[in-house]
Amino acid sequence: LAHFRFPQRRLVPAAREANSLPLLVHAPSNRAVKGTRYVLEAVDQLRREGHAFEFRLLENLKNTEVLATLAIADIAIDQVCGAWPGRFGIESLASGCVLVGGLRPDYCQCPETPPIVPFEPHSSKLADSLRSLIVDQNRRTELMRASYEYWQTYYSPEAFVRWFQRVLDGTAETFDPLPNHKEHLLRFAENGFQRFIIRWFY
């Protein structure tokens, strides 16, 4: 299988500098699948520790509103245990945000290490990752620039054209088929109804 990609237009003119007060965002389409519980627990832990940051939970918003927020955000928290960046993750990269989650290295065989911070299913580990970004503005800026460059290299319309040509001529990178993710979804289900739907309809 070829690594799944789709093109994302330019959302900000250039790579951005980190805000002095970091803005963190999370936009769950489904809280159980996205691991929102871990995000909220990690944010609460960091607030109790006294760290200065802003957090916005982006739910039930138009895409234009989400994009407007990404254009000023420092850190975008995507999906726990994601195989690769989905739509929100790629929009975050194109907006010059540090992306947390949305990657499994064994399914993203890119020639360079992606500047994506892993999102593990554990609130304390997520808090550790976020803390290191919150307290270090220079590191945030470096990763924001690297994220924007990663979008340009792999997910911009120009990059998509180059990649699709490689798909057509059979030289695109490949990986083994994805495993069954049902057990992952069941772990993150927040109630019996969600577990029922996942067991019988996924």
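**Figure 1. Helices α2 and α5 are oblique to each other.** This is a close-up from a predicted model. Helix α2 covers residues 36-48, and helix α5 covers residues 123-134. Their axes come within 8 Å. They cross at roughly 55°. An angle under 35 degrees would count as roughly parallel, and one from 65 to 115 as roughly perpendicular. The value for α2 and α5 is in neither range, so the pair is called oblique. The crossing is right-handed. From α2, the residues in the contact are Y38, V39, E41, A42, Q45 and L46. From α5, they are S123, S124, L126, A127, L130, R131 and I134. What kinds of residue make up this contact? There are 8 nonpolar, 3 polar and 2 charged residues.

**Figure 2. Helices α3 and α4 cross at an angle of about 40°.** Find α3 at residues 63-70 and α4 at residues 87-94. The two axes are 9 Å apart. Like any angle that is neither roughly parallel, antiparallel nor perpendicular, this one counts as oblique. The crossing of α3 and α4 is right-handed. On the α3 side, look for N63, V66, L67 and L70. On the α4 side, look for F88, E91 and S92. By type, the contact holds 4 nonpolar residues, 2 polar residues and 1 charged residue.

**Figure 3. Helix α4 is mostly covered.** How many of the 8 residues in α4 are buried? The count is 7. They are F88, G89, I90, E91, S92, L93 and A94. Which elements cover them? The cover includes the strands β1 (23-26), β3 and β4 (98-100). It also includes the helices α3 and α6 (137-154). After α4 comes G96. The phi of G96 is positive, near 80°.

**Figure 4. D74 is a buried loop residue.** Its loop runs between α3 and β3 (75-77). The relative accessible area of D74 is 0%. Buried means under 20%, so D74 qualifies. Which side chain makes a polar contact with the side chain of D74? The partner is N19, at 2.5 Å. D74 also has a longer list of contacts, leaving out residues up to four places away in sequence. Among them are A18, N19, L21, P22 and L23. C97 and V98 are on the list too. So are R140 and M144.

**Figure 5. N60 is exposed and has a positive phi.** N60 sits in the loop between β2 (54-57) and α3. Buried or exposed? The relative accessible area of N60 is 84%. That is over 50%, so N60 counts as exposed. Now look at the backbone. Phi of N60 is near 55°. This value is positive, although N60 is not a glycine. Most residues other than glycine have a negative phi.

**Figure 6. P7 and S156 are separated by 5.4 Å between their C-alpha atoms.** Along the chain, these two residues are 149 residues apart. P7 belongs to the segment before β1. Its relative accessibility is 34%, so P7 counts as partly exposed. Which residues does P7 touch, beyond its neighbours within four places in sequence? They are R87, Y155, S156, P157 and F160.

**Figure 7. G82 is buried in a loop.** The loop lies between β3 and α4. The relative accessible area of G82 is 6%. The cut-off for buried is under 20%, so G82 falls in that class. Compare the position of V33. The two residues are 49 residues apart along the chain. Their C-alpha atoms are separated by 9.5 Å.

**Figure 8. The chain contains 9 helices and 5 strands.** This last legend places the close-ups in the whole chain. From the N terminus on, the order of elements is β-α-α-β-α-β-α-β-β-α-α-α-α-α. The chain has 202 residues. Of these, 47% are buried. Consider the contacts with a separation of 6 or more. Residues 24 or more positions apart account for 72% of them.

How values were computed
Residues numbered from 1 in each chain as written. Predicted model: local features only at pLDDT ≥ 70, side-chain atom pairs only at ≥ 80, totals over all residues. Heavy atoms only, no water. Helix = DSSP H or I, 4+ residues; strand = E, 2+ residues; numbered from the N terminus. Buried < 20%, exposed > 50% of the residue type's maximum accessible area, 1.4 Å probe, protein only. Polar contact = N/O pair within 3.5 Å; in protein donor to acceptor, adjacent residues only side chain to side chain. Contact = heavy atoms within 4.5 Å. Axes fitted to C-alpha atoms, helices over the stretch in contact; angles between N-to-C directions. Parallel < 35°, antiparallel > 145°, perpendicular 65-115°, else oblique. Left-handed = near helix turned anticlockwise from the far one by under 90°. Nonpolar A, V, L, I, M, F, W, Y, C, P; charged D, E, K, R; others polar.
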